[in-house]
Amino acid sequence: MTTGQSGHDHSLAIRQEIQRFESVHPSIYAIYDLIELVPDAHIAKQIREHVVAIEDSFVNSHEWTLARDVPELHLGIIGSSDSGKSALVHRYLTGSFMHEESPEGGRFKKEIFINDQSYLLLIRDEGGIPEAQFSAWIDALLLVFSLENEESFSIVCNFYNRMCSFRNMSEVPKILVGVQDSINDSNPRVIKDVRPRKLACDLRCPYYETCAIYGLNVERVFQDVCQKIIQNISMKNFSCDVCQHTTENDVKFTVPTVTKNIQLHNKETETTNSLKVNISEKDEDCRSIHNSSMPNDSSLLNDNFHNMQNQHGELRSSILTPTTIRKFRRKSNIFTPSKKEKYMGEMGVGREIPVKQGYLFKRSSKSLKEWKKKYVTLLEDGRLTYHSSLHDYMNDTNGKEILLQYVTVKVPGKTPKGSKSYNAQDSFEFSIISLENKTWHFEANNAEERDSWITAIEQQILSSLQNSDGDKKNETDAFKMHCIKNKVSGNDACVDCGAPNPDWASLNLGVLMCIECSGIHRNLGSHISKVRSLDLDDWSAGHLSVMLALGNDIANSIWEYCLNGKQKPVSDSSREEKEQWIRWKYEDKLFLPPINPNISLGKLLIDSVCRGDMRAFTLCLARCNYEDINISVSTEDLRTPLHLACATGNLAMAQLLIWHKANPQNLDHEGRTCMSYVRALERTLDNSSDSMEMQKLLEVLEQASVSGMDDVDTSQY
């Protein structure tokens with residue numbers, strides 16, 4: 001069987017398994033609801049334990065249905081119950097935000113594509129303190145904490161230290177994740193940027209800040225960690241294959257390259273303990289190395305991974321988590337399948353969890369006007385479906401749907417608005433009427449149930465209308481602009497005088513300002529500040545990415561690092577005072593922090609790009625000249641900072657470098673351009689939103705290349 005055929009077969013098997021896995025959830029949830037109605041607490045507890053046992057067994061259904069050669073990736077997630085990890089997982093699996101946390105965690109399945117190969121991703125959100133079985137099971141680990149919760153940061157460190165006692169965690173790919181979901185005016189950020197970056201250096205792992213509300217960096221975190229799993233396991237197998245070939249040809253044995261379920265020796269445990277997290281350790285000059293010397297041949301990685309699966313399939317343990325009581329339902333990875341196939345890879349395969357579901361009577365549209373019992377579901381994507389039975393719904397057969405975007409709900413016999421009573425002849429009916437006057441009649445068992453359905457349907461109608469902006473690009477850009485105004489830290493006030501609700505921006509500085517300060521910025525000249533209106537001007541993808549990546553707080557941490565006794569103006573200050581301040585700040589650069597004199601600006605710039613550190617990157621740009629912007633990594637490695645930004649897909653950094661005269665036509669030591677790096681990265685992505693981001697980056701590079709270096713300043717702004 002060819003690799004392509006194998007990948008296709010695996011994909012089909014994985015999709016069927018996830019459908020099978022998710023199809024049981026409506027019944028499980030219905031049983032949990034019924035358990036709440038059992039008056040005898042002891043009997044209710046016994047029933048719950050049996051249901052949990054059934055659910056736990058079904059979690060491992062892939063072990064019954066899938067062949068051993070289907071590649072699995074085991075991802076563990078640890079963090080406190082209020083760290084935001086449940087919302088992070090839910091956003092990744094469903095594309096929507098879920099506010100409440102699930103104390104007992106959950107187990108989920110998703111199909112992902114890496115290097116055109118289908119994998120079954122098994123996600124285990126650990127609800128409590130990680131134990132030995134969990135530590136042995138994982139292929140990679142996400143350490144999640146909330147940026148507004150000091151305790152969650154300490155807990156994730158303690159959890160990791162505990163795992164170090166069970167296994168050598170230095171061999172496990174890791175990503176540290178800081179969650180922004182709960183940050184607001186009344187609940188400010190308490191974990192400053194330097195602390196998690198120091199921890200990431202200690203752990204030798206990347207650090208991301210995510211927001212499940214808006215989906216910022218969520219896909220990137222999971223994509224990155226899955227890539228690391230495949231590279232880690234494949235390279236272990238590759239190393240072992242080399243060792244095997246050096247032995248005698250007639251000697252064959254299985255090299256124990258994966259020690260997931262094998263007890264570690266004391267010596268290994270002692271080594272592991274030395275790698276435990278200690279927040280009080282002295283700081284070291286740590287730099288993350290993003291460009292490893294892994295093989296580029298994706299087929300080699302896939303083959304090695306399959307070999308690992310075949311050799312050590314028996315070592316894969318059950319993913320059962322011994323939790324006997326469910327206080328909350330697990331959040332499933334059921335999702336809304338888009339009619340556009342390009343979203344199938346992004347979300348996986350499954351069925352959406354209905355907002356509301358149950359039996360209603362529906363009046364037939366035929367001449368007999370019979371009332372027939374239907375199983376009705378209301379979905380978050382603005383659809384109401386009905387099937388002849390629950391069985392048909394589970395099998396997704398013989399169903400019909402109503403699109404709620406352009407319908408209204410009416411109650412026959414309802415008294416005028418303001419009255420507290422309904423018509424005495426009320427039979428608990430309600431009707432859904434479309435713009436074409438097509439009508440669907442439903443009937444509930446009682447008035448309370450009818451009102452509950454009407455409320456839920458009207459809410460979904462409202463949500464559909466709010467999200468019905470046909471042009472997806474405009475909708476996305478509007479959403480990003482909303483984030484720039486309301487979500488980016490410090491953007492609620494003018495960057496220079498503190499006036500509230502600024503509606504002007506400086507593109508290359510990445511800040512928002514009031515209209516008076518914007519006039520002063522214009523007088524500085526476009527080589528210092530490029531001024532745009534948030535509401536009146538057009539915004540490209542590159543512009544938006546820079547504004548999202550920076551913001552007033554980050555910019556002022558650089559441009560106002562040390563005021564040297566100067567007094568910052570306020571909104572009521574005179575124009576002369578504001579102009580003097582702005583010229584000191586951006587023209588004379590009086591308040592910038594000092595630069596390490598022992599390291600060249602070009603090298604500092606390269607380091608900041610590799611680490612994705614926007615603060616250090618902004619400081620370097622403020623001081624760099626043309627030679628620094630276009631410096632090479634070394635005499636042997638001719639990659640420039642723009643090459644590195646493109647290799648990591650960082651649109652904001654790439655756009656800023658181009659604005660500062662980086663040459664997009666520079667070639668590296670292998671003759672590759674910046675666009676070559678973007679196209680190579682795009683081929684590794686299985687997510688449509690990330691691929692779209694790479695297309696935007698290509699557009700920025702193409703525009704810069706066509707414009708030429710002489711007039712790039714005027715053409716790019």
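These are my notebook entries on a few local features that I looked up in the structure, which is a predicted model.

**Entry on aromatic pairs**

I searched the whole structure for aromatic pairs and found nine. I looked at Phe145 and Tyr207 in detail and noted ring centres 6.4 Å apart with planes at 10 degrees, so I recorded the pair as stacked, the planes being under 30 degrees apart. I then placed the two residues in the chain: Phe145 belongs to strand 4 and Tyr207 to strand 6, so that this pair links distant parts of the chain, 62 residues apart. I checked the accessibility of Phe145 and Tyr207 and found both buried. I also noted that Phe145 and Tyr207 are joined with Phe153 into a cluster through ring pairs.

I turned to Tyr375 and Tyr393, whose ring centres are 5.4 Å apart and whose planes stand at 40 degrees, and I recorded this pair as tilted because the angle falls between 30 and 60 degrees. Tyr375 is in strand 8 (residues 371-379) and Tyr393 in helix 13 (residues 390-395), so the pair ties together parts that are 18 residues apart in sequence. Here too I found both residues, Tyr375 and Tyr393, to be buried.

**Entry on helix 8**

I asked myself which residues of helix 8 (residues 194-203) are buried. I listed Pro196, Lys198, Leu199, Ala200 and Leu203, and noted that a lysine is among them. I next looked up what covers these buried residues, and the cover includes strand 4 (140-146), helix 7 (150-164), strand 5 (174-179) and strand 6 (207-210). Strand 4 and strand 6, which I had already met as the elements holding Phe145 and Tyr207, are thus both part of that cover. After helix 8 comes Arg204, for which I noted a positive phi, near 55 degrees.

**Entry on Thr94**

I found Thr94 in helix 5 (residues 85-94), and I counted Thr94 as buried because its relative accessibility is 16%, under the 20% limit. I looked for polar partners of its side chain and noted that a polar atom of the Thr94 side chain lies 2.7 Å from the backbone oxygen of His90. I also recorded a polar contact, at 2.8 Å, between the side chains of Thr94 and Ser96.

**Entry on a surface patch**

I looked last at the surface, where Ile31, Ile43 and Ile47 form a nonpolar patch with about 210 Å² of accessible area together. Of these residues I followed up Ile43, which sits in helix 3 (residues 41-59). I classed Ile43 as partly exposed because its relative accessibility is 39%, between the limits of 20% and 50%.

Key. Residues numbered from 1 in each chain as written. Predicted model: local features only at pLDDT ≥ 70, side-chain atom pairs only at ≥ 80, totals over all residues. Heavy atoms only, no water. Patch = residues over 30% accessible without salt bridge, like charges linked within 9 Å, V, L, I, M, F, W, Y side chains within 5 Å. Areas by Shrake-Rupley, 256 points an atom, 1.4 Å probe, with all protein chains shown as cover. Salt bridge = Lys/Arg side-chain N within 4 Å of Asp/Glu carboxyl O. Helix = DSSP H or I, 4+ residues; strand = E, 2+ residues; numbered from the N terminus. Buried < 20%, exposed > 50% of the residue type's maximum accessible area, 1.4 Å probe, protein only. Contact = heavy atoms within 4.5 Å. Polar contact = N/O pair within 3.5 Å; in protein donor to acceptor, adjacent residues only side chain to side chain. Phe/Tyr/Trp six-rings, centres within 6.5 Å; stacked < 30°, edge-to-face > 60°.
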